[in-house]
Amino acid sequence: NRRKEPRQLAYPSGSSFNEKMLAGTETVMLEKRPMNDTQILTIALASVPTTLAVLVGILINNSRLGDLRAHMDTRFNDVDRRFEEMKDMWRSELHRVEEVLDARLKHLEER
C-alpha cells in the first residue's frame, strides 16, 4: 500500500484546508441524516433568549421614542406659544405707531 499525500482543498475565500484537518468531521459533513428531537429542541431553545432580548430591546426603544416625541411636542408647543405672544406684541406696537403717525399727520393737516 502506498501512502497517499493529503491534497489541498481550495476555498473561495482564498484560505485552504488540508484533508487531515477534515478527517474527523468528513463523515459528518458528507452524510445527510435527519435531525433528531433533541437537536431540534436545542436549536429552538438556543434561539429563544436571543429573540426575547431583541423583542425587549424593540419595546424599550419604542417607549423611549414615545417619550422623545412627547418631549418634542411640548417644546414645539412652547415655541408656538412664544411666536403667538410675539405676534400679539408686534400687533400692539404697530397699532401704537399707527396712532402716533395718525396724530402727527392730523396735526400737520390742521396747520
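**Exercise 1. Place Leu 45 in the secondary structure, and decide whether it is buried or exposed.**

Step 1. Leu 45 sits in helix H2, which covers residues 37-110. Helices here are DSSP runs of H or I with at least four residues, strands are runs of E with at least two, and both are numbered from the N terminus. The model is predicted: local features need pLDDT of at least 70, side-chain atom pairs count only at pLDDT 80 or more, and totals for chains, interfaces and linings use all residues. Residues are numbered from 1 along each chain as its sequence is written, and side-chain values use heavy atoms, with hydrogens and water left out.

Step 2. The relative accessibility of Leu 45 is 53%, so the residue counts as exposed. The classes are buried (under 20% relative accessible area), exposed (over 50%) and partly exposed (in between), with a 1.4 Å probe and protein chains only.

**Exercise 2. Which residues make the nonpolar surface patch that includes Leu 45?**

Step 1. Apply the patch rule: members have over 30% relative accessible area and no salt bridge; like charges are joined within 9 Å, and nonpolar side chains (Val, Leu, Ile, Met, Phe, Trp, Tyr) within 5 Å.

Step 2. The patch consists of Leu 41, Leu 45, Val 48, Leu 52, Val 54, Leu 55 and Ile 58, with an area of about 650 Å². Areas come from the Shrake-Rupley method with a 1.4 Å probe, and for residues only the protein chains shown count as cover.

**Exercise 3. Which residues are linked with Arg 81 in a network of salt bridges?**

Step 1. A salt bridge requires a side-chain nitrogen of Lys or Arg within 4 Å of a carboxyl oxygen of Asp or Glu. The structure holds six of them.

Step 2. Arg 81 meets Asp 78 at 4.0 Å, N to O. These two residues are three apart in helix H2, which means about one helical turn between them.

Step 3. Arg 81 also meets Glu 85, at 3.1 Å, N to O. Here the spacing in helix H2 is four residues, again about one helical turn.

Step 4. Asp 78, Arg 81 and Glu 85 are therefore linked in a salt-bridge network. Arg 81 is partly exposed at 43%, as are Asp 78 at 32% and Glu 85 at 44%.

**Exercise 4. How far apart are the closest N and O atoms of Arg 91 and Asp 88?**

Step 1. Both residues lie in helix H2, three residues apart, about one turn of the helix.

Step 2. Their closest N and O atoms are 3.6 Å apart, and the pair forms a salt bridge.

Step 3. Arg 91 is exposed at 54%, while Asp 88 is partly exposed at 45%.
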